[in-house]
Amino acid sequence: MHKLFWVLVLSISPFSQAQICDLTLAGRILDQHDDSALSHALISIEELNVSTFSDQDGRFSFDHLCLGTYTLSVIHAQCNTRSFSIKLKDNSFKTLKLEHHYEELNEVLLSGSSEGLVSAAKEVIDAGTIERSSNQSLGDVVSEVTGVSGFSFGNTVIKPSIHGLHSSRVTIMNNGVRMEDQEWGAEHAPNVDVNLAHSIEIIKNASALQYSGDAIGGFVILKPQRIPIKDTLYGKARLSAQDNGRGGSAHVGLIKSTAMGWYGSLEGTFKKYGDFNAPEYSLSNTGMNSYTLAGKLGFNEFKRGFELSYNRLENTVGILRASHLGGAQDQFVAINSPEPLIINDFTYNIDRPKQEVSHQIMSAKAFVKSDKFGRIDLRYDFQKNDRLEYDIRRGSDQNKASLDLDLQTHAVSLDLAPKLVGFNSLKTGFSGRYLKNKSNPNTGVKRLIPDYKRYDLGFYALATKSLNNDLVVDAAVRLDYMRIESFKYYYSALWTQRGYDTTFAAFEVEDLGTQILTAPKFNYLNPSASLGTSWALNEQNRLLMNLSLGARNPNPSELFSEGLHHSASRIEIGDLRFKPEIAKNLSLGYRYQNTKLNFSVNPFVRLIDRFILIEPTGIQQTIRGNFQVWSYRQTDVSLSGLDMDTQYAFTNKFGFQQQFSLVKGYELETKTPLINMPGVNMIHALNYTYKQIEMRIESDYTWRQNEFPDTNFEAFIPETQTIELIDVSTPPEAYHLMNLTFGGPLNFSENFNFSWTLDIQNVFNTAYRNYLNGMRFYADELGRNVLISLTSTF
C-alpha cells in the first residue's frame with residue numbers, strides 16, 4: 001500500500017508530466033515531378049488542429065511542438081491531398097512532395113526535365129521569381145543563380161553565362177525545343193519570353209546528355225505550366241512599369257481544360273521601352289519593342305495524348321548609337337572618354353544601328369504508355385529565325401539591313417522510358433535535325449555568315465540506380481554526328497594568306513579573280529559521357545559528384561566569319577582549321593540542411609582541349625567607319641572555381657542569404673588568363689516578412705577582374721599624326737550595388753488573387769561598368785531603376 005501511494009504521487013507529479021515541447025518541425029513542399037517549390041499549400045497537424053501555409057519558396061514551420069508522432073495533411077490547388085506521418089524526436093526538416101492529379105503531355109524527356117540526374121549541379125527558379133522578373137530578359141533572370149552571370153552587348157541584349165561559358169556552349173531548352181536562333185553571336189540574345197515559363201532549371205555542367213552533348217557550359221531549361229485534367233478555366237495577368245526606360249510590359253494568359261482530357265491555352269506578352277539612362281546621361285538609341293504570342297491545343301488521356309503548339313516572338317532592339325563611330329580618332333577618344341561621344345534627348349524611336357529578330361516555333365508531339373514498353377514519346381519541331389541587323393549607312397541603302405539571315409530548323413526525336421526492375425529510371429532516344437541558313441546577298445555588304453546546311457544525328461542512353469537507401473548512381477552516354485555544307489566567297493588574298501589554297505584546295509569551286517567561291521564541307525563524330533553519385537550521409541548532409549565528357553563543334557561564326565559584324569560593332573575573323581572542343585568536367589557538391597540553415601558548396605574543375613576564343617587584335621578602317629578587329633583562335637584551357645550558397649532563418653519571418661561565386665580561367669601552355677571571365681561576386685541579403693508584406697535588402701558586390709590577357713594594340717591616328725595605345729584589355733573597377741524589394745498580396749476579390757512587387761535596383765544610382773558587357777568601352781551601366789508590377793490569377 002505504501003509503494004502504491006508513492007507511485008500515484010509520482011504519476012501526478014509535475015516532474016512526470018514535464019515534456020519537451022520546444023521542438024520545431026520545418027520543411028518544404030515540392031512538386032514531385034520537377035522539385036519546384038509549391039507556394040500557398042495548406043499544411044495541417046491533425047492531432048493539434050493547427051495549420052499554416054507554405055511561402056513562395058514552399059517553406060513552412062511549426063514551433064513549440066512536443067515529442068511524438070504527428071499526421072501532417074497537405075492540401076494544394078490542383079494536387080491530390082496527401083498525409084504524412086512524422087515521428088518527432090528533435091528539431092526536424094522534412095521535404096514533402098506532392099503528386100499532381102494530372103500529367104503534363106510533355107513530361108519527362110521532352111518537357112525539359114532533368115529527372116534522373118541525381119548528381120547534376122542543378123538550380124531551379126520558381127514561378128514566383130519569374131513573376132517578379134516578368135519585365136526582364138532570360139539572361140537577367142538566370143543571373144540571380146550563383147555561378148551564372150549575364151554576358152551582354154548593352155542593357156537589352158543579354159545571354160546566360162555559366163561559369164564563364166556562354167553562347168553555343170550553353171544549350172537552351174524552351175518547352176522541350178532546343179533553341180536554334182543564331183546563338184553563336186555573343187550579341188544575339190535568346191529569343192524566349194520568360195513569361196511563358198512556369199519554372200527555369202539551370203544545370204551547371206554537361207551531364208544532361210538527353211538534350212545534347214555539346215553543352216559544355218551547361219543547360220537552361222524552361223518548363224511550361226502543367227494543365228489539369230478537369231473542367232476548369234483560369235488565367236493570369238501581369239503588368240509592370242519602370243522609370244528607367246519609361247516603359248513596361250504586359251502579359252496575359254488563359255487556359256481551358258476538360259475532364260475528358262482536352263485542353264488549350266493562349267498567351268501573349270508586350271514590352272516597350274525608350275532610351276535607358278546611365279546615372280549621368282541618356283544611353284541613346286537603346287530602346288526596345290517586343291511581343292510574343294503563344295498557343296497550344298492538346299489531348300491527354302494519361303496513357304496517350306498529343307499536343308500542337310505555336311510560339312512567335314518579335315524583337316526590335318536598339319544598339320547604343322555611340323558604339324558605331326567613324327575613324328580611329330573617334331575610337332581612341334571613345335574608349336578613353338568618361339561618357340558616350342553621342343548623347344541625344346530621350347526618345348521611344350529606335351533608329352539605326354538596331355536589330356530586328358523574328359523567331360517562330362511550331363511543335364507537334366505525342367506520347368503513349370504501355371505496361372510492356374513504358375513511355376514512348378515522338379515529336380517534331382520547326383523553327384524559323386529571321387535576323388536583320390542595321391548599320392549606319394548613307395544614301396539609298398540607309399534603310400537596308402547590313403546582315404540578313406534566315407535560319408530554318410527541322411527536328412525529330414523518339415524517346416523511350418522503359419520500366420526495368422533494378423533501375424530507378426532508364427531512358428534512351430534518337431534525334432535528328434536539319435538546319436538551313438540563308439544569308440541574303442543583296443545587302444550591299446560582304447556577308448559575315450554564308451549559306452550553309454547542317455545535318456545532326458544523335459543517340460543517348462541514361463539510367464539511375466539506387467545502390468542502397470543512401471547512395472544513388474546515374475550514368476549517361478551519347479553519340480553525335482554532324483555534317484555541315486557551305487558556300488562562301490573568300491577574298492583571294494585572304495584565302496592564300498591563310499594557306500587555305502593548299503590545306504583546303506578541294507573546297508575551291510571557282511576563281512573569280514579578286515574572290516574565290518568555295519564549298520567547305522566538314523564531318524564531326526563526337527562521343528559524350530557522364531557518371532555521377534548522390535550520397536545521403538544522413539537527413540542533413542549530402543555529397544554529390546559528377547564526371548562528364550562533352551564535345552562542341554566549331555559554330556558557323558568561328559569557322560566562316562570574315563567581315564563586319566554590325567550589331568557587335570566589330571570585324572570578326574574565323575578559321576576553317578578549327579577542330580571540336582573536348583571538355584572534361586569534375587563537379588563536386590556538399591549540401592547541409594536543417595530547420596535553420598541551408599548551406600551548399602560546389603567546386604568544379606573543367607579542362608577544355610582546343611578551346612575557341614575571340615579577342616581584339618587591331619583596328620581596321622572601312623568605308624563605314626573604323627572598327628575593332630576581333631579574331632578567333634584555339635588553345636587548351638582550364639577553368640576552375642566554386643559556388644557557395646547560404647540561407648539562415650533567424651525566425652520564420654527573418655532570414656539571411658549569401659551567394660558567392662568564383663571562376664578562374666587560364667590557357668594551359670602560357671598560363672595567360674582567359675578573356676571575359678566574370679569577376680568574383682558576393683551577394684548578401686536580408687529577408688523580412690511583416691504580416692503579409694515581404695521585404696528584401698540586397699548588397700551585390702563584384703570585385704575587379706585582376707586577371708586578364710593583354711590584347712591592347714597601337715593605332716595610327718591620322719588627325720594627330722600620332723601612334724596611340726588602344727586599351728581594350730583593362731577591366732573596369734569593382735562596383736557595389738544596393739537593391740530593395742517589397743511585395744505582398746492584395747485582397748480585392750475572392751475570385752481574383754492579386755499580388756504586387758516594388759523593386760528599386762541600384763538604389764544609390766552608382767555609376768559603374770561591367771567587364772562582361774561589350775558596350776563597356778563606350779558607356780556606363782544602367783542607373784537607378786524603380787519598377788512596380790501587379791500580378792493577378794483568376
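Two strands pair if DSSP finds at least two bridges between them, and the first view below puts that rule to use. The model shown in every view is a predicted one.

**View 1. Five strands form an open, mixed sheet.** Follow the order E8-E14-E15-E12-E13 across this close-up, and you will find that the pairing is mixed. At the edges stand strand E8 (122-125) and strand E13 (177-178). Each of these two has a single partner strand, so one side of each is left without a neighbour in the sheet.

**View 2. Strand E12 meets edge strand E13.** Here we zoom in on residues 170-174, which make up E12. Two bridges join E12 to E13, and the two strands run antiparallel. A handy place to rest your eye is Asn174, which stands opposite Val177 in E13.

**View 3. A disulfide joins Cys21 to Cys66.** The structure holds one disulfide, and this is the place to see it. The S to S distance between Cys21 and Cys66 is 1.8 Å. Cys21 sits in the loop between helix H2 (14-17) and strand E1 (23-31), while Cys66 sits in the loop between strand E4 (59-65) and strand E5 (68-75), so the pair ties together parts that lie 45 residues apart in sequence.

**View 4. The disulfide of Cys21 and Cys66 is right-handed.** Look along the sulfur atoms here: the torsion about the S-S bond is about 100°, so the disulfide of Cys21 and Cys66 is right-handed. Are its cysteines buried or exposed? Partly exposed means between 20% and 50% relative accessible area. Cys21, at 32% relative accessibility, therefore counts as partly exposed, and Cys66, at 22%, counts as partly exposed too.

**View 5. The largest cavity holds about 560 Å³ of space.** Twelve cavities of 30 Å³ or more are found in the structure, and this view looks into the largest one. Its lining takes in 44 residues; Phe151, His166, Arg570, Ile614 and Asn676 lie nearest the centre of the cavity.

**View 6. Several strands and a helix help line the largest cavity.** Which elements each supply at least two residues of the lining? They are strand E11 (165-166), helix H8 (556-560), strand E34 (570-573), strand E36 (597-622) and strand E37 (625-649). E36 gives the largest share of the lining, four residues. By class, the lining of the largest cavity has 22 nonpolar, 15 polar and seven charged residues.

Terms used. Residues are numbered from 1 along each chain as its sequence is written. This is a predicted model: local features need pLDDT of at least 70, side-chain atom pairs count only at pLDDT 80 or more; totals for chains, interfaces and linings use all residues. Side-chain values use heavy atoms; hydrogens and water are left out. A disulfide is a pair of cysteine sulfur atoms within 2.5 Å. Buried means under 20% relative accessible area, exposed over 50%, partly exposed in between (1.4 Å probe, protein chains only). On a 1 Å grid over the protein atoms alone, a cavity is a set of points where a 1.4 Å probe fits but cannot get out, and a pocket is an open set with protein on both sides within 12 Å along at least five of seven lines; lining residues have an atom within 4 Å of a point. Grid points are joined across faces, edges and corners, and a volume is the space filled by probe spheres set on the points. Ala, Val, Leu, Ile, Met, Phe, Trp, Tyr, Cys and Pro count as nonpolar, Asp, Glu, Lys and Arg as charged, and the others, Gly among them, as polar.
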